[in-house]
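Have a look at the fold below before reading on. The notes after it go through a few local features, one at a time.

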Amino acid sequence: MGVSGCGKSTLGALLAEALDCAFLEGDSFHAPEAVAKMRAGHPLTDEDRWPWLDRLGAAAAADVAERGRVVVACSALRLAYRDRLRGAIGGRAHFVLLETSRENLFARLENRPGHYMPASLLDSQLATLEVPLDSEQAVILASEQPPEILRDAVLRRLRSD
């Protein structure tokens with residue numbers, strides 16, 4: 001989880017490979033209208049996000065039911081969004097927040113050709129982000145580290161839970 005450009009997709013793909021499970025890219029579950037809205041530089045509202053979270057949660061639940069686990073890359077910026085995903089999945093869900101500086105995020109977004117999320121929406125995502133509560137037991141990592149180091153940190157945490 002985390003704002004756009006933090007490295008969710010890269011880490012998610014590495015984790016799914018290491019765990020030998022499916023990887024769901026949350027971006028691919030957005031409705032075309034939501035993508036168009038973001039592409040035009042308008043932040044999504046909760047009303048835009050609920051159906052997206054429901055689609056993603058249902059897909060994650062199906063993979064968990066079929067294969068026992070799944071890795072999902074999703075912004076999950078607010079506690080309410082994470083709770084909605086937890087409810088849809090129905091099993092235990094672990095969240096990993098990737099953090100980095102605004103400057104680093106902006107640079108990553110500016111150098112990501114072909115993606116619909118413009119760097120101009122970064123500040124709205126940062127304003128929406130609710131850092132996980134201690135009770136959520138989320139892993140919080142600095143995304144400046146190499147993706148393999150991040151993957152290994154998450155795997156160690158999963159093994160200790």
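## A buried tyrosine and its partner

Tyrosine 81 is buried, its relative accessible area being just 1%. Keep in mind that this is a predicted model. Tryptophan 50 comes out at 22% relative accessibility, so it counts as partly exposed, given that buried means under 20%.

These two residues belong together. A pair of aromatic rings is described by the distance of the centres and the angle of the planes. The count of aromatic pairs comes to 1. For tryptophan 50 and tyrosine 81, the ring centres sit 5.4 Å apart with the planes at 80°, so this is an edge-to-face pair. Tryptophan 50 is part of helix α3 (residues 46–67) and tyrosine 81 is part of helix α4 (residues 79–89), so the pair ties together parts that are 31 residues apart in sequence.

## Helix α7

Helix α7 covers residues 147–160, which is 14 residues. From first C-alpha to last, α7 reaches 20 Å, close to the 20 Å expected at 1.5 Å a residue.

Which residues of α7 are buried? Leu150, Ala153, Val154 and Leu155 are. The elements that cover the buried residues of α7 include helix α1 (8–19) along with strands β3 (96–99) and β4 (139–142).

## Cysteines without a bond

How many disulfides does the structure hold? The number is 0. Cysteine 6 is in no disulfide, and the nearest cysteine sulfur, on cysteine 74, is 11 Å away. Cysteine 74 is likewise in no disulfide, with the sulfur of cysteine 6 as its nearest at 11 Å. A disulfide needs the two sulfur atoms within 2.5 Å, so a gap of 11 Å does not qualify.

As for accessibility, cysteine 6 counts as buried at 1%. Cysteine 74 is buried too, with a relative accessible area of 5%.

## Positive phi off glycine

Most residues other than glycine have a negative phi. Two spots are worth a look with that in mind.

Aspartate 20 has a positive phi of about 50° although it is not a glycine. Aspartate 20 sits in the loop between α1 and β1 (22–25), and at 72% relative accessibility it counts as exposed.

Glutamine 137 also has a positive phi, near 50°, and is a residue other than glycine. Where is glutamine 137 found? Its place is the loop between α6 (122–128) and β4. With 47% relative accessibility, glutamine 137 counts as partly exposed.

Technical notes: Residues are numbered from 1 along each chain as its sequence is written. This is a predicted model: local features need pLDDT of at least 70, side-chain atom pairs count only at pLDDT 80 or more; totals for chains, interfaces and linings use all residues. Side-chain values use heavy atoms; hydrogens and water are left out. Rings of Phe, Tyr and Trp (its six-membered ring) pair if their centres lie within 6.5 Å; planes under 30 degrees apart count as stacked, over 60 as edge-to-face and the rest as tilted. Helices (H or I, at least four residues) and strands (E, at least two) are DSSP runs, numbered from the N terminus. Buried means under 20% relative accessible area, exposed over 50%, partly exposed in between (1.4 Å probe, protein chains only). The expected span of a helix is 1.5 Å times one less than its number of residues. Contact means heavy atoms within 4.5 Å.
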